[in-house]
Amino acid sequence: MGSLYAGMGKRKPSPRTVRRMQGRAHESLVKDLERLARLAPGGAPDRPLDVEAPTQVEPIAEATVCPLCEGALRLENHAAETHEGNRMRVAHMRCTNCGVERALYFRLAGSAVPN
């Protein structure tokens with residue numbers, strides 16, 4: 001003998017449930033894109049982009065797009081910084097579309113510390 005509810009389908013989720021599911025999916029996507037951005041060349045101090053001169057930092061940084069929304073990144077400043085004993089240039093940027101802050105790391109050619 002079959003159940004009384006066997007022929008009925010699942011109930012349609014409420015709009016609030018749909019929004020929450022979409023929000024969780026979006027948060028997961030943002031986390032994954034952030035992780036990929038940090039793994040890309042220049043995304044972290046241990047993965048700097050190699051440049052010949054400090055004058056190359058600004059053009060490269062300005063040509064970079066936001067990894068989250070693909071909007072334009074505005075260069076706020078770039079400075080020489082030391083990370084774990086390594087001297088490098090860091091471009092601090094902000095997305096003009098989504099507002100996320102980002103840093104790109106650069107190593108000048110010939111500035112590697114000999115072993």
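1. Start with Ala40. This residue sits in the loop between H1 and E1. Ala40 counts as partly exposed, because its relative accessibility is 30%, and the partly exposed class lies between under 20% and over 50%. Now look across to Leu104. Ala40 and Leu104 are 64 residues apart in sequence. In space, their C-alpha atoms are 9.9 Å apart. Keep in mind that this is a predicted model.

2. Next, the overall plan. The protein chain has two helices and four strands. Follow the chain along its sequence and the pattern reads α-β-α-β-β-β. The chain has 115 residues, and 21% of them count as buried. Consider contacts between residues at least 6 apart in sequence: 44% of these join residues at least 24 apart.

3. Now the sheet. In what order do the four strands lie? The order is E1-E4-E3-E2, in an open sheet with mixed pairing. E1 (49-51) and E2 (73-83) are the edge strands. Each has a single partner strand, so one side of each has no neighbour in the sheet. From one strand to the next, the twist averages 35 degrees.

4. A word on pairing. Strands of a sheet pair through backbone hydrogen bonds, and they can do so parallel or antiparallel. Both kinds appear in this model, as the mixed pairing says. Take E1 and E4: they run parallel and are joined by three bridges. Asp50 shows one place to look, with Arg107 in E4 as its bridge partner.

5. E2 and E3 run antiparallel, and 10 bridges join them. To find your way along this pair, pick out Ala80, which stands opposite Arg89 in E3. The two strands form a hairpin with two residues between them.

6. Look at the turn of that hairpin. Glu84 lies in the loop between E2 and E3. Its phi is positive, near 50 degrees, and Glu84 is a residue other than glycine. Is Glu84 buried or exposed? Glu84 counts as exposed, because its relative accessibility is 81% and the exposed class begins over 50%.

7. Compare the hairpin of E3 and E4. E3 covers residues 86-95 and E4 covers residues 101-108. The two strands run antiparallel, joined by six bridges. Five residues lie between them. In the turn, Gly99 has a positive phi of about 80 degrees. Two pairs help you to trace the strands. Arg94 stands opposite Glu101 in E4. Ala91 has Leu104 in E4 as its bridge partner.

8. One more backbone angle deserves a check. Glu70 lies in the loop between H2 and E2. Glu70 is not a glycine, yet its phi is positive, at about 65 degrees. With a relative accessibility of 66%, Glu70 counts as exposed.

9. On to the core. How many residues make up the largest nonpolar core? The count is 12, and among them are Val51, Val57, Leu73, Ala91, Leu104 and Phe106. Helix H2 (57-62), E2, E3 and E4 each give at least two residues to this core. E3 gives the largest share, three residues.

10. Phe106 is a good residue to select in the viewer. Which residues does Phe106 contact, leaving aside neighbours within four places in sequence? They include Pro48, Leu49 and Val51. Val57, Ile60 and Ala61 are also in contact with Phe106. So are Met88, Arg89 and Ala91. Of these partners, Val51, Val57, Ala61 and Ala91 also belong to the largest nonpolar core, as does Phe106.

11. Last, the empty space. Rolling a probe the size of a water molecule over the atoms shows where empty space is left. The largest pocket has a volume of about 200 Å³. Its lining is made by 15 residues. Nearest the centre of the pocket lie Ala37, Gly43, Arg102, Ala103 and Leu104. Helix H1 (15-39) and E4 are the elements that give two or more residues to the lining. E4 supplies the largest share, four residues. Leu104 has now come up several times: it is the bridge partner of Ala91, a member of the largest nonpolar core and one of the residues nearest the centre of the largest pocket.

Conventions. Residues numbered from 1 in each chain as written. Predicted model: local features only at pLDDT ≥ 70, side-chain atom pairs only at ≥ 80, totals over all residues. Heavy atoms only, no water. Pairing = 2+ DSSP bridges. Axes fitted to C-alpha atoms, helices over the stretch in contact; angles between N-to-C directions. Core = buried A, V, L, I, M, F, W, Y, C linked by side-chain atoms within 4.5 Å. Buried < 20%, exposed > 50% of the residue type's maximum accessible area, 1.4 Å probe, protein only. Contact = heavy atoms within 4.5 Å. 1 Å grid on protein atoms, 1.4 Å probe; cavity = no way out; pocket = protein on both sides within 12 Å on 5 of 7 lines; lining within 4 Å. Points joined across faces, edges and corners; volume = space filled by probe spheres on them.
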